[in-house]
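User: Please take one part of this structure and examine it closely. I would like a connected account that also relates this part to its surroundings.

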Amino acid sequence: MADFGRFFLPGPTEVRADVLAAQCRPMIGHRGKGMEELLARIQPGLQRLFCTSRPVYIAASSATGFMEGALRNGARRRVLSLVNGAFSDRFHKIALACGLEADALTVEWGAPHDPAQVADALAGGRYDAVTVVHSETSTGVLNPIRELAETVHASGDAVLLVDSVTGLGGAPCDTDAWGLDVVLTGSQKAMALPPGLAFAVAQPNILERAATIPGRGVYFDFLEFEKYALQHQTPNTPAVSLLHALEAQIARMDAETLPVRLARHEAMARRTWGWVEEMQARGTPMCILAPEGYRSWTVTTIALPTHLTGSAVNAAMKSLGFTISAGYGKLKDTTIRIGHMGDHTVEELDVLLDALTTVVTR
Ligand SMILES: *Cc1c(COP(=O)(O)O)cnc(C)c1O
């Protein structure tokens, strides 16, 4: 059995053995030269990944930490939460839990957000921050982030806070060119690292806002992250072993180059969509939840025929040695999700889809 290519969860994703092994490097002190040099080596690769000239912040937390950080530093008054799935709903709930006033603009799970509808909601200037999830990992929808950023900025001085946890590194996300005010991700999705690191970029306008917000907390204070990032340090003790894995993974990503990495993800996504069509043509009534043109490059959510459940398909795949995911939240039993992201290849995906064919046509 191949030692890589059987684990297709939409996070955490499969991690290459050499990247895992890098975590066994000896400890280094976090205020010493060694750590500064390590962070200085890592930084340019992260900036290439985020398509930014801003420093990329690194936190020892899961991605949720920087979702909270984005809101605590970037929202002064009322937040508009664009909700079209479980993770964007979580972003909304985090806003409320931070004591912010927040309204959800909810569209059907499986649909993308429409910039015109967002423009209507923003007219009147009630909101000064908008949250959105780039790739909704529960539904497999890819929101039109670039257009949404244009819409938000055209409405006044509102900012767009982007959760690109299953976007960045697997789908185009041009942080600076698209004018994204905050972009955040976590290590365990398209970056194919172990869980435990979160990454974020904040534009200067966010730091100006943060400076006026007294209650922005300590652990995710962007002003602290900025100050330390500029010196190739972190505000607190970093997750040293994970940073070693990150360095190894950045070397792999740089060797592949971002355009090739993204093209590989697009090819895996297209292969998965094509497979669903093949199944339909052979009489298995399944379909891709997200509409054409708004499908994630990293995760596909497939609506199952009524005689199958997500957990049953999952279990059957498990018995064949493969890991995929049942649906998420209210889609748990009616859908399955395939995470075709990180370091997987189309060839590995083909093997998975062959196994899945036997399971769904049984
Ligand atoms: C996984 C995921 C999160 C949460 O990430 P954690 O690392 O578990 O905090 C948030 N948003 C999206 C879109 C995700 O896929």
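Analyst: In what follows, buried means under 20% relative accessible area, exposed over 50%, and partly exposed in between (1.4 Å probe, protein chains only). Helices (H or I, at least four residues) and strands (E, at least two) are DSSP runs numbered from the N terminus. The model is predicted, so local features need pLDDT of at least 70 and side-chain atom pairs pLDDT 80 or more, while totals for chains, interfaces and linings use all residues. Residues count from 1 along each chain as its sequence is written, and side-chain values use heavy atoms, without hydrogens or water.

The part chosen is strand β11, which spans residues 299–303 and is mostly covered, with five of its five residues buried. In a regular strand, side chains alternate between the two faces of the sheet. Here, both faces of β11 are covered: one carries the buried residues Val-299, Thr-301 and Ala-303, while Thr-300 and Ile-302, buried as well, lie on the other.

β11 belongs to an open sheet of four strands, ordered β10-β11-β13-β12 with antiparallel pairing. Strands pair here if DSSP finds at least two bridges between them. At the edges stand β10 (287–288) and β12 (325–326), each of which pairs on one side only. Two bridges connect β10 with β11 in the antiparallel sense, and one of the residue pairs is Ile-288 with its partner Ile-302 in β11. On the other side, β11 pairs with β13 over five bridges, again antiparallel; Thr-300 has Ile-338 of β13 as its bridge partner. From β13 (residues 335–339), two further bridges lead to β12, and these two strands also run antiparallel. Within that pairing, Ser-325 is matched with Arg-337 of β13.

Two residues of β11 and one of β13 lead on to Thr-137. Contact is defined as heavy atoms within 4.5 Å. Leaving aside neighbours within four places in sequence, Thr-137 is in contact with Val-299, Thr-301 and Arg-337, and also with Pro-10, Phe-87 and Thr-166. Thr-137 occupies the loop between β5 (135–136) and β6 (141–142), and its relative accessibility is 3%, which means that it counts as buried.

Thr-137 also connects this region with the ligand. There are 14 residues around the ligand (a heavy atom within 4 Å of it), and those that come nearest are Ser-62, Thr-64, Thr-137, Asp-163 and Lys-189. A polar side-chain atom of Thr-137 is placed 2.5 Å from a ligand oxygen atom. Asp-163 has a polar side-chain atom 2.6 Å from a nitrogen atom of the ligand, and an N or O atom in the side chain of Gln-188 is 2.7 Å from an oxygen atom of the ligand. Such polar contacts are pairs of N or O atoms within 3.5 Å. Taken alone, the ligand exposes 390 Å² (Shrake-Rupley method, 1.4 Å probe), and the protein buries 90% of that.

Gln-188 also leads to Gly-11. Beyond neighbours within four places in sequence, Gly-11 is in contact with Gln-188, Lys-189 and Met-341. Gly-11 is located in the segment before α1 (17–21) and is partly exposed, because its relative accessible area is 23%. Gly-11 and Ser-187 are 176 residues apart in sequence, yet their C-alpha atoms are 9.4 Å apart. The peptide bond from Gly-11 to Pro-12 is cis, with omega about -5 degrees. Most residues other than glycine have a negative phi, and most peptide bonds are trans. Ala-192, in the loop between β8 (182–186) and β9, has a positive phi of about 55 degrees although it is not a glycine; at 0% relative accessibility, Ala-192 is buried.

The wider setting includes the nonpolar cores, which are sets of buried Ala, Val, Leu, Ile, Met, Phe, Trp, Tyr and Cys residues joined through side-chain atoms within 4.5 Å. The largest has 45 residues, and among those with the most contacts inside it are Leu-46, Leu-160 and Phe-199. The elements giving two or more residues to this core include α2 (33–50), β4 (129–133), β7 (159–163) and α9 (240–256). Another core, of 31 residues, lies apart from it; Met-67, Phe-87, Leu-207 and Phe-222 are among its members. Phe-87 is also one of the contacts of Thr-137, and Thr-137 in turn is in contact with Val-299 and Thr-301, two of the buried residues of β11.

Definitions and conventions. Polar contact = N/O pair within 3.5 Å; in protein donor to acceptor, adjacent residues only side chain to side chain.
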